[in-house]
Every structure is written in C-alpha cells, then in structure tokens.
Amino acid sequence: MGMESDGAGARPVGSPAAGVVHSLAERQETLATVESLTGGLLAASIVEIAGVSGVFQGGLVVYATELKSQLAGVPAELLAERGPVDPDVAVALAEGGRRRCGADWGLATTGVAGPEPQDGKPVGLVYVAVAGPSGTVVHQLDLNGGRDHIRSAAVIEALRLLAGRIHAVDRGELSGDQPDAAGAGCR
C-alpha cells in the first residue's frame, strides 16, 4: 500500500500505524478494529507493522448495517433510528469491538465513501471513534475526493485519533476513573 494523504491532502511523515503499534507495545496494551467504509484497510495498515502480533487482537468488518448490530453489538434501535453513519453508532462500534475482541482499545470507522450519498448523508462524511480505558471519543471528518482517498484518509485520521488518546493518557490528561469532558461526542 503506498503512502496515502490524509484528510487535508498532506502526506503523513512516517506511518501513523507504526507510531500507534509502538506506543501500545510499550504499554503492553491491545487494539481491536471495527470497520465499515474502510472495509479492512485499517486492519491491513496495522498488520503491515512488524511486531504487531502482541498488540493487534483482530477486527471486524461490518459493512452491512445488520452486521453492525449482530457482530459489533450496536443497538438495533439506534441503527434503525439514525442509520449507520452517525456519531453514536461510531461510538457503539468502537465500544463493541473493544469488548467483543477483549482489547484495551477499540478503533472504529463508519461513513460514506461514495460515489453516491447514503441515507441523505453526503459523500465524505465519516465518523472515527476510539474506545479506551478512559472512555470513548468520536470525531467527525468531512473528506473530499474519490472513494479511495476518502477510505485511506479515514484510516489515517482514525489512527491519529487513537495516537492522540494514547498520548493524552501518557500525559495524565485522561484518568481511568474520570469521564472525559473534552469536546462533544465523548461518552
């Protein structure tokens, strides 16, 4: 896989996956992924990194809406009410993957890669969520470009969000027993 550009069109320096894998290996913590629009690209980018076997538990590719409920444990009522491209669905995907894969961290992607809008949601609307020991956070991305770029940018942005959460824990900004109040969409 060539080095792709992120949401802003910039090419990241080094591999965002390598940094995350290294950080988690140092902490002896594990990761699971739950992917919709990225269709396994996130998991593939993580397993490209040498030394990942102690870190990466595995992942779910839940492309069909009903599998988001059946495999990742997203409440069926939430999916029926909101559709799959929703911040609360992203949160439930990350938390469900973390729980079902027995990992310290869950990382999830859901969104519209195109070429057509989905359920009234525009192409390029993506939510990435991280569930970890200190709670869950979700980010909305508004990505431009074709399907391939949207999917690869979503992978990079998901890994960046996870890296930021890990580093925040390291800096003592997040503690395990305190709800994280930093910004909208945190659970």
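Analyst: Helices (H or I, at least four residues) and strands (E, at least two) are DSSP runs, numbered from the N terminus. This is a predicted model: local features need pLDDT of at least 70, side-chain atom pairs count only at pLDDT 80 or more, and totals for chains, interfaces and linings use all residues. Residues are numbered from 1 along each chain as its sequence is written, and side-chain values use heavy atoms, with hydrogens and water left out.

User: Which helix holds R82, and is R82 buried, partly exposed or exposed?
Analyst: R82 is found in helix α4. Buried means under 20% relative accessible area, exposed over 50%, and partly exposed in between (1.4 Å probe, protein chains only). R82 has a relative accessible area of 32%, so R82 in α4 is partly exposed.

User: With which side chain does the side chain of R82 make a polar contact?
Analyst: A polar contact is a pair of N or O atoms within 3.5 Å; within protein, one must be able to donate a hydrogen and the other to accept it, and residues adjacent in sequence count only if both atoms are side-chain atoms. Contact in general means heavy atoms within 4.5 Å. R82 touches D88 and K121, not counting residues up to four places away in sequence. The polar contact, at 3.0 Å, is with the side chain of D86.

User: Which residue caps the N-terminal end of α5?
Analyst: A side-chain oxygen lies 2.8 Å from the backbone nitrogen of D88. At the other side, α5 is followed by G102, whose phi is positive, near 60°. The N-terminal cap is D86.

User: What span should α5 have, and how far apart are its end C-alpha atoms?
Analyst: The expected span of a helix is 1.5 Å times one less than its number of residues. Helix α5 runs over residues 87-100, which is 14 residues, so it should span 20 Å. Its end C-alpha atoms agree with that, at 20 Å.

User: What covers the buried residues of α5?
Analyst: The buried residues of α5 are D88, V89, A90, V91, A92, L93, A94, G96 and G97. Helices and strands both contribute to their cover. It includes α3 (65-70), α4 (76-82), β1 (31-35), β3 (105-111), β4 (125-132) and β5 (135-142).

User: Which strands are the edge strands of the open sheet?
Analyst: Two strands pair if DSSP finds at least two bridges between them. The open sheet has five strands in the order β2-β1-β3-β4-β5, with mixed pairing. Each edge strand pairs on one side only. They are β2 (56-61) and β5.

User: Which residue in β2 stands opposite A32?
Analyst: β1 and β2 pair in the parallel sense. Five bridges join them. A32 stands opposite G58.

User: What angle does the direction of α6 make with that of β4?
Analyst: Axes are lines fitted to C-alpha atoms, for helices over the stretch in contact, and angles run from 0 to 180 degrees between N-to-C directions. α6 packs on the sheet, touching β1, β3, β4 and β5. Its direction makes an angle with that of β4 of about 30°.

User: Which element gives the most to the largest nonpolar core?
Analyst: A nonpolar core is a set of buried Ala, Val, Leu, Ile, Met, Phe, Trp, Tyr and Cys residues joined through side-chain atoms within 4.5 Å. The largest has 32 residues; V20, L31, I46, L107, V126, L159 and L162 touch the most other members. The elements giving two or more residues are α1 (16-27), α2 (41-47), β3, β4, β5 and α6 (147-170). With ten residues, the top contributor is α6.
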